[in-house]
Structures are given as structure tokens and as C-alpha cells.
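Dear colleague,

Please find the structure below, followed by some notes on what turned up in it.

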Amino acid sequence: MIAATVGSAVGLGAVWRFPNEVQQGGGAAFLLVYIVCLLLLGIPVMLAEFSLGRAVGSDAIGDYRHFTPRAPWWLTGTASVLATFLIMGFYMVVAGWTLEYLWQSITGALYDTGASGATPEDSSYFTSKLTENLTSVWSPIIWTVVVLAVNMLILSGGVQKGIERLSNLLMPLLFLLLVVLMCVTLTLPDASRGITFFLKPDFSAITPAVCISALGQAFFSLSLGMGILLTYSAYYPKNVGLTSTAFTVTGCALLVSLLMGLIIFPAVKSFGLDQDASGLQGTALVFVTLPEVFARMGFTRLWSTIFFALLAIAAITSTVSSSEVCIKCAQDRLGLSRSRAIWLVFAPLFILSPLCSLSLGSGASWLQIGGQNLFDFCDNFSTNYLLPLAALFTCLYVGWAAPSTLLSTQLDAHPGTKKGLWVTVLRNLLRYFCPLLIIAIFVFKLL
Ligand code: PHE
């Protein structure tokens with residue numbers, strides 16, 4: 001159970017999104033706020049979701065209706081489902097890139113001398129590959145459609161359990177591979193500049209925008225506010241310790257993020273990749289930096305193939321679990337059969353995801369909302385606004401609206417014991433501290 005939760009939480013959020021956010025958020029300053037958000041908000045909100053999910057055992061909307069059928073708390077669940085849907089819109093595209101890079105690693109196309117005569121030794125080789133791969137019209141769309149189809153097959157074939165088991169086996173392998181890559185990048189010339197950037201905070205870089213991004217990233221990489229953990233915990237047996245699970249999931253997400261930082265930033269500084277002006281690297285640092293690293297290692301294609309295969313599996317376990325949230329909701333709320341619910345969720349994604357992909361290319365500049373391309377809009381709006389909003393109301397719901405015995409029963413706590421004290425602390429965190437902190441971050445941004 002815990003392994004499956006870790007598998008669903010650790011995905012592209014820690015591997016792909018985290019380095020981009022650190023790069024844009026000024027390095028260690030972002031990391032610091034991110035860790036604070038994980039500990040002070042991530043763990044309490046996760047425990048709130050776990051307790052609510054296991055106690056009620058309905059879908060993301062039904063869980064919020066259970067204790068207060070007349071009050072509009074269910075809107076929280078609606079925000080979660082909307083956020084999950086928008087996140088899937090662009091996440092499927094990134095999962096498509098991992099498949100494209102996997103394919104190009106297998107065929108060797110990623111490391112071939114290009115038609116223009118450019119070779120992997122040229123400094124901007126992988127950046128131009130990235131631009132070519134991500135902004136061309138058809139190939140990213142085709143790979144996105146492949147990801148959508150694979151998801152539908154897994155979800156309708158009832159082989160989710162098998163995929164989960166596969167991912168439980170392969171996740172430790174991904175982790176080991178990251179450790180190997182870190183050993184390689186830490187020995188690159190100039191690696192120390194990258195480590196300083198990643199680990200030595202410049203406190204003046206902590207701006208409201210950085211706090212909001214760090215908050216969003218914390219929720220994103222723990223899958224909070226998406227209804228995922230809520231839905232998952234409904235299947236937890238009584239004897240699963242929720243607190244230790246929350247710490248394990250958070251610890252794994254943080255560890256993978258830290259490893260990624262220690263891999264990417266030494267490489268970025270060493271290869272001078274932060275000078276790049278294509279603008280795409282903010283979106284896809286991993287897809288440029290890691291091929292550069294693989295190209296310098298022996299057995300380039302083998303390492304590259306293993307890495308992108310593991311990443312694709314990590315991405316697909318996350319998309320399958322998030323699709324499940326929307327599908328379960330459509331089944332429970334609208335009374336649809338499973339196959340109809342799957343179509344109801346996926347048919348709009350077959351439109352949204354290709355549009356997200358197209359919006360990154362220069363030919364589709366009309367695909368913009370509020371000055372951002374559709375891809376970035378789906379990401380920023382859902383991650384930085386909808387997820388914190390859903391988390392805020394989850395805290396209030398579990399803290400105030402749900403019966404006060406909910407937490408103590410779920411966390412198996414009795415008054416006067418250590419667990420009893422923890423539940424009291426947690427209840428107060430959920431009632432006052434977490435909501436105020438989330439609101440404060442937004443007010444800080446408005447000022
Ligand atoms: N925590 C997940 C990740 O990092 C978040 C997520 C799950 C995003 C499912 C999309 C879909 O990848």
C-alpha cells in the first residue's frame with residue numbers, strides 16, 4: 001500500500017518539474033521554502049486527506065459531502081477534480097516526451113549527428129534537439145496520443161494492480177540510477193558552482209512569487225489537493241499507520257527531488273546551459289541536461305534507455321492514478337458505467353493535451369490565456385492556485401466540519417498518550433496554522 005502511494009506520488013513532479021522550478025526560483029532560496037512547505041503544510045494536509053479518505057471511502061467529491069450534506073464543502077472536491085484534469089492535460093504531454101526520448105535512445109537518434117552536421121559534442125546540440133522534438137507539430141502530439149491510449153488500455157483492462165507492482169519493483173531501480181548519475185555529475189568540472197546554486201540560499205531571493213511556486217510544487221509533488229491520496233487511502237487497511245505513511249511518502253518525494261537537484265545543477269553550470277536563450281529550458285531542463293551527461297558516459301544509449309524507460313513508467317503510474325480520481329468521480333456522481341466514465345474523461349484530453357503541446361511551438365501563439373501559453377497556463381493555474389485552494393478547504397473541512405473524533409480514530413490515538421498529543425497538535429495545525437499560512441502566502445503575493 002505504502003509503496004503504491006509512493007509510486008503514485010513520485011513521478012515527473014520530482015524529476016521533471018522540480019529542477020525547472022528551482023532554476024526559475026533562484027536556486028537554494030526556492031529549495032528552502034519548498035522544504036518548509038513540505039513539512040508545515042504537506043504532512044498535515046496529507047494526514048487530513050488520508051484520514052478523510054479512509055474514514056469515508058467515497059470519491060473526491062463524495063468525501064466532502066459525507067459529514068455536511070447541505071453545505072457546499074463538496075466544491076473543494078470539484079476544485080480537486082478540475083485541477084487534476086488540467087494537470088493531466090499537460091502532464092500527458094510531458095509523459096509523451098519521455099516516451100519520445102526513450103524511443104530516440106533506443107534507436108540512437110538522440111545521439112546521432114544531425115542533418116545539419118551538428119554532433120553531440122557541440123554545446124547547443126541537445127538544446128536544438130529539444131526545440132526540434134518539442135516544438136514540431138506532429139511528433140509530440142503522436143507521442144501524447146500514445147500515452148493517452150496506454151492509459152486507457154491500462155484503466156479499462158483492469159491491469160492497474162500489475163502496473164503498480166511493476167512500478168514498486170522499478171522505483172528503487174530509478175532511485176539507484178539517480179544515485180549513479182549524481183556520482184557522475186558531482187565530479188564534473190565546475191560542479192561546485194551548481195551545488196552552491198542549489199544548496200546555499202540567498203535570502204533576498206525569497207519573493208512572494210517564489211513562495212507561491214514552492215507551495216504549489218510541494219502540493220504537486222506530494223499529489224495533494226488532487227483527490228489522489230483521498231481516493232487511495234480508501235483502500236488502506238485499518239492497520240496502516242497514517243502518520244508513518246505520510247512521512248515516508250514525503251521523505252521519498254524530497255529525496256528524489258534533492259537527488260535531481262544534485263544531478264542537474266552541477267551539470268547545468270558545468271555545461272554552461274544556463275546561458276541558453278531558447279526559453280524552453282524552463283520547461284524541460286531534464287531533457288537537455290541528462291542527455292549531455294549520458295553522452296559523456298560510456299554505454300550512452302544504454303544508460304539513456306534505462307533512464308527514460310524508468311521515467312516513463314514513473315509518469316504512467318502517476319497518470320493512471322490521477323485518471324482514476326476523475327473516472328471514479330464520473331462513475332459515482334453521474335452513475336456511468338466504467339467504460340463510459342473512461343471515455344468521458346479521456347475524450348476531452350485527446351483535445352486538451354495536443355493543444356497544450358501545440359501551444360509550445362511558435363506557430364500556435366494564439367493558444368494563450370492571460371499572456372501564458374496553454375501548457376503553462378494549465379500548469380500554473382492548477383498547481384499554484386487550485387491545489388492550494390483545495391488544500392486550504394481540506395484543512396478547514398477536517399479541522400472544523402468533520403467530527404472531532406475523525407482524526408483520533410484514524411490515527412489510532414487515545415487521550416494522554418503520545419499519539420493523543422500528536423492528534424491535538426495536528427488538529428490545531430489544520431484548524432488555524434495551515435489555513436492561515438496558505439492565506440498569508442497569497443496575501444504576501446498581493447501586497
Ligand atoms: N506527485 C505526482 C508527480 O509528481 C503528481 C501527479 C500525479 C501529477 C498524477 C499528475 C498526475 O508526478
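Arg17, Glu21 and Asp379 are joined in a network of salt bridges, a salt bridge being a side-chain nitrogen of Lys or Arg within 4 Å of a carboxyl oxygen of Asp or Glu. This is a predicted model, in which local features need pLDDT of at least 70 and side-chain atom pairs count only at pLDDT 80 or more, while totals for chains, interfaces and linings use all residues. Residues are numbered from 1 along each chain as its sequence is written, and side-chain values use heavy atoms, with hydrogens and water left out.

Within that network, the side chains of Arg17 and Asp379 meet at 2.8 Å, N to O. Arg17 lies in helix H2 and Asp379 in helix H16 (residues 374-401), so this pair ties together parts that are 362 residues apart in sequence; helices here are DSSP runs (H or I, at least four residues), numbered from the N terminus. Arg17 is buried at a relative accessible area of 1%, and Asp379 is also buried, at 6% (buried means under 20% relative accessible area, exposed over 50%, partly exposed in between, with a 1.4 Å probe and protein chains only).

The count comes to seven salt bridges, among them one between Glu324 and Arg338, at 3.0 Å, N to O. Glu324 lies in helix H14 and Arg338 in helix H15 (residues 338-358), so the pair ties together parts that are 14 residues apart in sequence. Here Glu324 is buried, with a relative accessible area of 15%, whereas Arg338 is partly exposed at 27%.

With best wishes

Technical notes. Helices (H or I, at least four residues) and strands (E, at least two) are DSSP runs, numbered from the N terminus.
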